[in-house]
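Colleague: I'm new to this one. Could you put it up and walk me through it?

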Amino acid sequence: MTRFFTLCLALTTVVSSLVVAQPSTVTVGNTTLDVRVVIQGNNANNGIDIPWEIQWGPDDHIWMTERYGRVSRLNPETGVRTTILDLTSTVYDNSESGLLGLVLHPDFENNPQVFLAYTYFSGGIKERIVRYEYNGTTGLLESPLTLVEGINGNTTHIGCRLLILPDNTLLATTGDYQNQSSPQNEGSVSGKILRMNLDGSIPADNPFGPSSYLYTIGHRNAQGLVYAPNGVLYSSEHGPTTNDEFNIIVPGGNYGWPDVAGFCNTSSELSACNSMTDYQDPLAIWYNSSTIAPSDLIWYDHPAIPEWEGKMLMTVLKAEHLKVIEVDNVDGTTVVSQEILFNNAHANNPTSSFNQGTFDRLRDICMAPDGRVFLATSGPSWGTSGTFANSIVELKNAAYVPTGISESALPKVQIYPNPANGLIRLNFDQSHLGGTFQIIDQLGKVVFASAVQQQQLELDLTSLASGLYMVRTTLNEQTTHQRLVLTQ
Ligand SMILES: [Ca+2]
Ligand SMILES: [Ca+2]
Ligand SMILES: [Ca+2]
């Protein structure tokens, strides 16, 4: 018994030493943001392993990859994480490789598809891009369709950021896989950004021809992509020992690597980039004396945190900060301001301060439709799983009051019973008459819609699957939402 307690004490000590204390608030300009840890742990069993991609889904959950091979839906309110795909036996997970990119179909309600990028081993380290179907009944990713595979990989320099453009084509970054002859070789898909249709076929208008996946060439290892509301596609890219890059991605562009690093500004670089077709210089570089390791990019387009509205937010690994990037509002082709947040030491000395960030290494970011921001953190060091704490952290301006349409102006609908086993009665307020109501499933799909013509309505919903639904009532552009739980 004594040995048992000793063991428990030892385990408790090890685990608690890996749990990182986050501040309860952080300040951004005049705005105070509340900090809340949604989930934290140092391995897959006690929380989360290294989270690589987080994206907000239409089900108001965070969809997340962990590098060792798990895909999850994370409830951002409760921290409950649900595995929707276990790829641990398929993924090759070593150093920076593993299960990395994830993106949801932009019209997820009608096309519940999830795209993943990961490394696997087949006569060498390779990379694969796969499409899955999300089954809302089983809560699992099913029916994988391989879009592209056999892309040369390595334990580092493997890209894997995914983005879907407004024309419903999928972009995937690939790294040079430590092979510097690949990025300028148009016969290789490594060191590139690839563009494909959502079934893996090649778009007819691809810039290197209808039989080439290539969208842009000359990349070392780009791991940030955002399509901004100004119609410009921005990218972050890891540089070698200096010269991390912030680029505008144009189809057919050559981004210079390995002949040009950062700006084309040395004599050998100038002769190289002058001989390239459609060479593209970066908008900004970080820094001349070291690298910062830039990662995910989002465009923050919400008034909840006014200091960030209309700017890009970029997570930074090595230099442990969140970078706020503002571009001009004419055509978005120049950087007009940059700010380093959550690492005062680095902000005061951007060329030499590391490992002093408030949240440690910041790998990924997403935002909720109400303006909250979520960060994926990965400990204080570049290392393997199990050696540091990872977390998903919420940043929220609690003082923000939404303006415009008032949610509370419309009275609630009474729903009986709730939870229900299929038969429900809705009691509408007199003021609802003439409006409409909808029942919406977890994927945002409208499963029932009707006008409000009478105050009491009985509905038979036994044909719907068990689960959480939303009853949405709308009148004169005012809307109210209520939860409905079906337990069939
Ligand atoms: Ca993200
Ligand atoms: Ca470049
Ligand atoms: Ca240079």
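Modeller: Sure, let's begin with the domains, keeping in mind that this is a predicted model. The domain assignment gives domain 1 (18-396) and domain 2 (407-486).

Colleague: How far apart are the C-alpha centres of domain 1 and domain 2, and how many residues does each put into the contact?

Modeller: The centres of the two domains are 38 Å apart. As for the contact, it takes seven residues from domain 1 and six residues from domain 2.

Colleague: On the side of domain 1 that touches domain 2, how do the residues divide into nonpolar, polar and charged?

Modeller: Nonpolar residues number three on that side of domain 1. The others divide into two polar and two charged.

Colleague: How confident is the prediction, and where does pLDDT stay under 50?

Modeller: The average pLDDT for the protein is 91, and 94% of the residues score at least 70. For one stretch the model has one contact beyond four places in sequence, and pLDDT stays under 50 there: residues 1-17.

Colleague: How many helices and strands does the protein have, and how does its radius of gyration sit with the globule rule?

Modeller: By count, there are three helices and 32 strands. For 488 residues the globule rule gives 23 Å, and the protein is close to that, so it is as compact as a globular protein of that length; its radius of gyration is 24 Å.

Colleague: What box do the C-alpha atoms fill, and what share of the residues is buried?

Modeller: Along the principal axes, the C-alpha atoms take up a box of roughly 80 × 70 × 50 Å. Out of the 488 residues, the share counted as buried is 42%.

Colleague: Of the contacts with a separation of 6 or more, what percentage comes from residues 24 or more positions apart?

Modeller: Take the contacts in the protein with a separation of 6 or more. Residues 24 or more positions apart account for this share of them: 54%.

Colleague: Which residues have the most contacts inside the largest nonpolar core?

Modeller: That core has 87 residues. The ones with the most contacts inside it are L116, L162, L171, L194, F374, L375 and I392. Apart from it lies another core of 12 residues, including L426, I439, Y469 and V471.

Colleague: Which residues is F374 in contact with, leaving aside its neighbours within four places in sequence?

Modeller: F374 belongs to that largest core. With those neighbours left aside, the contacts of F374 are I54, I62, P76, I365, C366, I392, V393 and E394.

Colleague: Is F246 buried or exposed, and how far is its C-alpha atom from that of A284?

Modeller: F246 is in strand β17, residues 244-248. It has 23 C-beta neighbours inside 10 Å, and the cut-off for buried is 20 or more, so F246 is buried. Beyond four places in sequence, F246 touches Y234, S236, P282, L283, A284, I325 and V335. A284 is 38 residues away along the chain, yet the C-alpha separation is 5.1 Å.

Colleague: Is R70 buried or exposed?

Modeller: R70 is found in strand β5, residues 70-74. Not counting residues up to four places away in sequence, R70 touches A44, T83, D86 and T88. Its C-alpha atom is 7.5 Å from that of L99, 29 residues along the chain. With 21 other C-beta atoms within 10 Å, R70 is buried.

Colleague: Which residues other than glycine have a positive phi?

Modeller: One of them sits in the loop between β12 and β13 (193-197), and with 16 other C-beta atoms within 10 Å it is partly exposed. Another lies in the loop between β22 (335-341) and α3 (344-348), and is buried, with 24 other C-beta atoms within 10 Å. Among such residues are Q178, with phi of about 60°, and F342, with phi near 70°.

Colleague: Where is P258, and what is the peptide bond from W257 to P258 like?

Modeller: P258 is in the loop between β17 and α2 (267-275). Omega for the bond from W257 is near 5°, and the bond is cis.

Colleague: How far apart are the C-alpha atoms of N168 and L484?

Modeller: N168 is in the loop between β11 (162-164) and β12 (169-173). N168 is partly exposed, with 13 other C-beta atoms within 10 Å. L484 is 316 residues away along the chain, and the C-alpha separation is 33 Å.

Terms used. Residues numbered from 1 in each chain as written. Chains lettered and ligands numbered in written order. Predicted model: local features only at pLDDT ≥ 70, side-chain atom pairs only at ≥ 80, totals over all residues. Domains from an automatic or database assignment. Contact = placed C-beta atoms within 7 Å. Nonpolar A, V, L, I, M, F, W, Y, C, P; charged D, E, K, R; others polar. Helix = DSSP H or I, 4+ residues; strand = E, 2+ residues; numbered from the N terminus. Rg over C-alpha atoms; globule rule 2.2 N^0.38 Å. pLDDT = per-residue confidence, 0-100. Core = buried A, V, L, I, M, F, W, Y, C linked by C-beta atoms within 7 Å.
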